[in-house]
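Here is a short briefing on a predicted model. Surface and charge come before fold, packing and cysteines.

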Amino acid sequence: MTRQSVQTSRGDGTRSRPSLWMGLGIGAIALLLCLVASTIYGATDISLREVYEALTAFDGSTEHLIIQTIRLPRSFIALLVGSALAVAGALMQGLTRNPLASPGILGINAGAAFAIVTATFLFSDRALSFYVWFAFLGAGLTAISVYLLGSLGRGGLTPLNLTIAGAAFTAFLASLTQGILIVNQRTFDDIRFWLAGSLAGRDLTLLLQVLPYLCVGFLLAFALGKPLATLSLGEDVAKGLGQSVVWVKGLAALSIVLLAGSSVAIAGPIGFIGLIVPHIVRFGVGSDYRWILPYAAIAGGILLLLADLGSRLVLRPSELPVGFITPLLGAPFFIYLARSRIR
Amino acid sequence: MAESRWQRADGRFQRVLLILGAVVLVAMITSVSYGEYAIAPLDVIKTLLGIETANPGDAFAIRTLRLPRTLVAFLAGVGLAMAGTLTQGITRNPLAAPSIIGVNAGASLAAVTVLVLLPNVPFSVLPFAAFGGALGVSLLIYLFAWQGGSSPLRLVLVGVGFSLIGGAFTSVIVTLGEINLASQALVWLAGSVYGRTWEQVIALFPWIAICGVLALCWVRELNVLHLGDDTARGLGSLVEGQRGFLLLLAVALAGASVATAGTIGFVGLMAPHLSRQLVGSTYQAILPTAALMGGAIVVLADLIGRLLFAPIELPCGIITAIIGAPYFLYLLIRDRER
């Protein structure tokens with residue numbers, strides 16, 4: 001088995017510039033509609049006019065309070081977490097040229113989650129902005145370890161080696177996480193909803209504490225579009241074109257760690273978004289990472305907004321963690337990829 | 001030719017088996033003697049042989065509390081190690097352990113579902129539920145990895161996919177469950193033999209004994225499969241049928257072990273490798289060696305878990321993960337150098 005390139009052949013998948021811009025615009029509108037839908041529908045439905053009034057003429061009524069303190073923060077968090085995971089997945093797929101790469105499958109989410117559980121065990125009652133550094137540490141160390149482990153195997157960084165290294169690391173970190181939760185039952189009750197991947201009960205202050213890191217992560221990612229497009233042609237080609245491969249890889253890794261780490265810190269380890277979205281986007285947009293990344297950001301936001309909306313509506317008025325919905329979407333996709341993209 | 005190599009290895013194989021047996025015995029006696037209060041190993045042996053000791057309380061502590069726990073640890077270790085050996089042989093991938101390719105995840109999901117959502121169900125139902133879960137997931141893996149034949153590579157990848165899905169659903173059930181049941185399920189998920197009684201020993205034993213003996217009888221086919229599908233077919237092996245049957249045995253062994261002792265990770269990975277290093281490459285020698293090795297690993301992990309942060313107990317699954325992960329790393333590096 002040889003290394004697998006994730007790109008479709010250049011040319012046939014690439015659309016013209018105006019249509020790509022138009023698609024981006026349509027995507028942005030769709031994202032906005034999902035954002036509105038996510039704010040309106042839930043345990044109790046709220047009219048669009050009330051949302052508007054809550055923003056322009058806040059009167060302190062229950063509905064307005066729900067909108068400002070629960071619904072809107074949750075919608076924005078879903079949007080940003082979805083975008084961040086999707087962009088991180090796209091970066092990872094471009095970087096490793098592995099169609100199965102994503103923060104969930106390669107253990108990065110598990111690493112961030114383990115680090116946060118450890119931190120809550122060691123230092124209780126700190127702000128999220130404190131814990132998020134542990135998430136970065138955990139995500140970063142896991143990313144490096146899985147990458148090294150994957151390259152050490154027979155045949156180098158094949159999709160199989162990388163996936164097995166990721167799965168082994170996920171199993172290992174999950175064991176350690178369980179160990180800490182068993183020793184400290186109090187943490188378990190506080191943390192278990194988060195641990196399944198959930199957007200319930202997150203407020204705006206949490207988002208604001210993580211927002212700076214997310215912004216840096218996004219900016220880095222979008223700036224890497226062009227070098228990543230070159231890199232996806234192969235490391236030798238990129239070097240031949242005078243690209244500093246080490247820098248590109250290092251910065252991309254930093255961006256992945258910031259994006260995935262922040263997402264896990266707010267919403268827990270939500271899987272499969274980072275896997276699905278880049279493939280869907282590549283199908284429509286082609287192989288140019290300058291376009292893949294912004295499209296992935298929009299599509300990831302839409303996907304998680306809809307998944308979260310679904311998780312609230314299925315068992316209304318109670319709700320499922322969104323971590324239950326994304327595997328339902330992602331599992332068939334993963335199997336399709338394993339069947340069709342790996343030989 | 002192969003026959004003579006087999007015979008030459010025979011003496012070594014028997015020696016290894018004997019030493020491992022002794023290790024298991026010593027580990028089990030130490031494990032039984034250590035606890036809330038220590039009992040001298042000699043008294044343990046006496047009690048087990050039915051001889052009265054100075055302290056009449058010993059017999060109760062040993063027979064009712066400590067021995068079943070140690071036996072469950074041993075049996076679960078045997079089951080997981082044999083399942084690991086079978087999966088590695090079937091997939092021809094040295095890193096494919098039941099915990100990595102989704103069999104354990106299926107068993108866990110089913111067992112956690114029963115534990116949390118149907119708390120009144122008797123314990124003896126758990127192995128069946130876990131077996132059902134492991135079987136269901138394995139069938140799905142086999143089905144989805146099928147593309148005009150089941151390639152070992154796709155088996156592993158699809159297995160990893162199902163492992164992730166099973167893990168996600170399991171954590172959702174743990175999340176939604178009532179807190180006491182959920183934290184029980186959590187201890188169980190981490191792989192623990194805490195508080196196991198004779199009821200569990202009796203439920204687990206037939207699964208391990210019957211499937212273990214069947215696996216030992218079919219071990220020759222594993223050697224043939226290991227040569228590769230084309231060679232195996234050339235040698236007249238019904239590749240898909242044999243693979244399916246051996247997979248079924250692996251599922252039953254892993255499922256029953258997981259149902260009784262939770263997901264004790266990396267045992268199915270470590271035991272076959274250590275055995276291969278000790279007794280060479282024929283599965284006739286590896287499988288029984290791995291079985292004893294797995295039993296020894298889990299009994300020792302349980303003992304270490306109790307000693308390390310006493311009086312707090314760490315589940316044995318955490319200990320096997322801490323030992324198993326570096327070993328996994330070592331395997332990957334060694335694999336490259338070949």
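Chain A has an accessible surface of about 13,500 Å² (Shrake-Rupley method, 1.4 Å probe; for residues, only the protein chains shown count as cover). Carbon and sulfur atoms hold 68% of that surface. The model is predicted: local features need pLDDT of at least 70, side-chain atom pairs count only at pLDDT 80 or more, and totals for chains, interfaces and linings use all residues. Residues are numbered from 1 along each chain as its sequence is written, chains are lettered from A and ligands numbered from 1 in the order in which they are written, and side-chain values use heavy atoms, with hydrogens and water left out.

**Charge**
- Chain A carries 23 positive side chains (Lys and Arg) and 15 negative ones (Asp and Glu), with His and the chain ends not counted.
- The centres of the two sets lie 15 Å apart, each charge being placed at NZ of Lys, CZ of Arg, CG of Asp or CD of Glu.

**Fold**
- Chain A has 14 helices and zero strands (DSSP runs: H or I, at least four residues; E, at least two; numbered from the N terminus).
- The radius of gyration of chain A, over C-alpha atoms, is 20 Å. The globule rule (2.2 Å times the number of residues to the power 0.38) gives close to that for 343 residues, so chain A is as compact as a globular protein of that length.
- Its C-alpha atoms fill a box of roughly 65 × 55 × 35 Å along the principal axes.

**Packing**
- Of the 343 residues in chain A, 59% are buried (under 20% relative accessible area; exposed is over 50%, partly exposed in between; 1.4 Å probe, protein chains only).
- Among contacts (heavy atoms within 4.5 Å) in chain A with a separation of 6 or more, 77% join residues 24 or more positions apart.

**Cysteines**
- Over all chains there are zero disulfides (cysteine sulfur pairs within 2.5 Å).
- A:Cys215 is partly exposed at 38% relative accessibility, whereas B:Cys316 is buried at 1%.
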